[in-house]
Amino acid sequence: MFLTNRPIWAKVSSSLIFFSALILKLKRLFLLPVKPIFLNFAITYVCNGRCLMCDNWKRYREEPEKIKEELTFAQIGRFVKNNKDWLGNLKHIGLSGGEPLLRKDLVDIIRLFREELPWVKVGLQTNGLLPQPAQKVLSAILAFYPELSLAVSLDGLEKTHDQIRGVKGGYARVIKTIKIAQELGVKEISAGMTVTEKNYEEIMDVKKIVEEFGLEFAFYPADSGDYYHRKRAKSLFPQKIKESLLSAFALFPGDYFRDNFRLQLLGKRQRKLPCYSGLTSFVIDPYGEVKPCVLRNESLGNIKNEPLQKILTGEKAKKIRQEIKKCSCWSLCEVSTSAILDPWDVLFWFLFYANKRKFWQGFKEKQLRLI
Ligand code: SF4
Ligand code: SF4
């Protein structure tokens, strides 16, 4: 139903996909700027989580005055209104944090994006630890934007989740948030698990719980990037969790991200997919700094002081894009966005590695969830 009812522009756009991908590839090669397609907007670092793998919640304990530097609603509004041309190709904005629900103006921010950039899909990432505020905020948002998507974190069974997130009763609150979101009618909800040495043995248990709710399950090894720890750190998934990851990834032989991660863990395939972070996808942090991805801390410029066009076409952006050509990681969000834009490696994997039946099955399930 979803496929046959596609509007004509969608059919035309899919026939042009390889042509567009080729243009993007050339732009990446010659370091030419592109209008952003994906934006991860971290709207606050304030957080009620106390997660073991993240330092965000400590920021304002160490530097309480710094909170005043977070973007105000007026500054976000000016950014959106004054940069409409360079935001014209945007397809998706993911609102993250910290905990975005702790911003009092969250509903206004989403309304602003809907009014000013109505073609853009907006998603909200939450730690799920605030069920009551979530109920209020989600009802208000769904009243004007029923297509909102929601990503909730679930890092293990009750004891493990609470230990990792550092919040007693956190697991129960996450489950409550999921139920509230479902009752309110949020159509697209996913639950994500960050795999570390604390929870790797519970991947399959969490998968089961999430699927019983009928949600999409995502799991990914913890990134140890600048965004979380503000300095480069070693990988958080040592050898001992490799076996668990391999068995869990093996259940998804039709999923590009997971299957390639598995092949890489087995030493059978290196990442071939070029990274488009800093070209088509960006992160804006709560202070307005534009960064290429959540793992790299270099700022291309600040939206408080400069137009987006100047930031993206500047020498600094060009230099960072050059460095990214040699950069490699398996951060789920970034790999997914690059894979959408550069189908060549996906096609190669599909032809020579993928389980085709599982691939189509996963594709259909994804479509059904969206109907
Ligand atoms: S991982 Fe997320 S929920 Fe946990 S402290 Fe960091 S920002 Fe907060
Ligand atoms: S490969 Fe891409 S997403 Fe990963 S750290 Fe480098 S720039 Fe960021």
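How many nonpolar, polar and charged residues does the shell around ligand 1 have? That's the opening exercise, and a word on the model comes before the solution. This is a predicted model, where local features need pLDDT of at least 70, side-chain atom pairs count only at pLDDT 80 or more, and totals for chains, interfaces and linings use all residues. Residues are numbered from 1 along each chain as its sequence is written, while chains are lettered from A and ligands numbered from 1 in the order in which they are written.

**Exercise 1: the ligand shells**

Sort the shell of ligand 1 by class, then do likewise for ligand 2.

*Solution.*
- Step one: a residue is near a molecule if its C-beta atom, placed from the backbone, lies within 6 Å of it. Around ligand 1 that picks out Cys47, Gly49, Cys51, Cys54, Asn56, Trp57, Gly97, Gly98, Glu99 and Asn127.
- Step two: Ala, Val, Leu, Ile, Met, Phe, Trp, Tyr, Cys and Pro go down as nonpolar, Asp, Glu, Lys and Arg as charged, and the others, Gly among them, as polar. The tally for ligand 1 is four nonpolar, five polar and one charged.
- Step three: ligand 2 has Cys275, Ser277, Pro292, Cys293, Leu295, Arg296, Ile324, Cys327, Ser328, Cys329, Ser331 and Glu334 around it. Its shell sorts into seven nonpolar, three polar and two charged residues.

**Exercise 2: a helix pair**

Work out how helix 5 and helix 6 are arranged.

*Solution.*
- Step one: find them. Helices (DSSP runs of H or I, at least four residues) and strands (E, at least two) are numbered from the N terminus; helix 5 covers residues 106–116 and helix 6 residues 131–144.
- Step two: take the axes, lines fitted to C-alpha atoms over the stretch in contact, with angles from 0 to 180 degrees between N-to-C directions. They come within 10 Å and cross at roughly 15°.
- Step three: list the contact (C-beta atoms, placed from the backbone, within 7 Å). Helix 5 brings Leu106, Val107, Ile110, Arg111 and Arg114, and helix 6 brings Val137, Ala140, Ile141 and Phe144. By class, that's seven nonpolar, no polar and two charged residues.

**Exercise 3: Lys316**

Place Lys316 and find its contacts.

*Solution.*
- Step one: Lys316 sits in helix 14, residues 315–324.
- Step two: set aside neighbours within four places in sequence, and Lys316 touches Leu300 and Gly301.
- Step three: Gly301 is 15 residues from Lys316 in sequence, with 8.2 Å between their C-alpha atoms.

Conventions. Contact = placed C-beta atoms within 7 Å.
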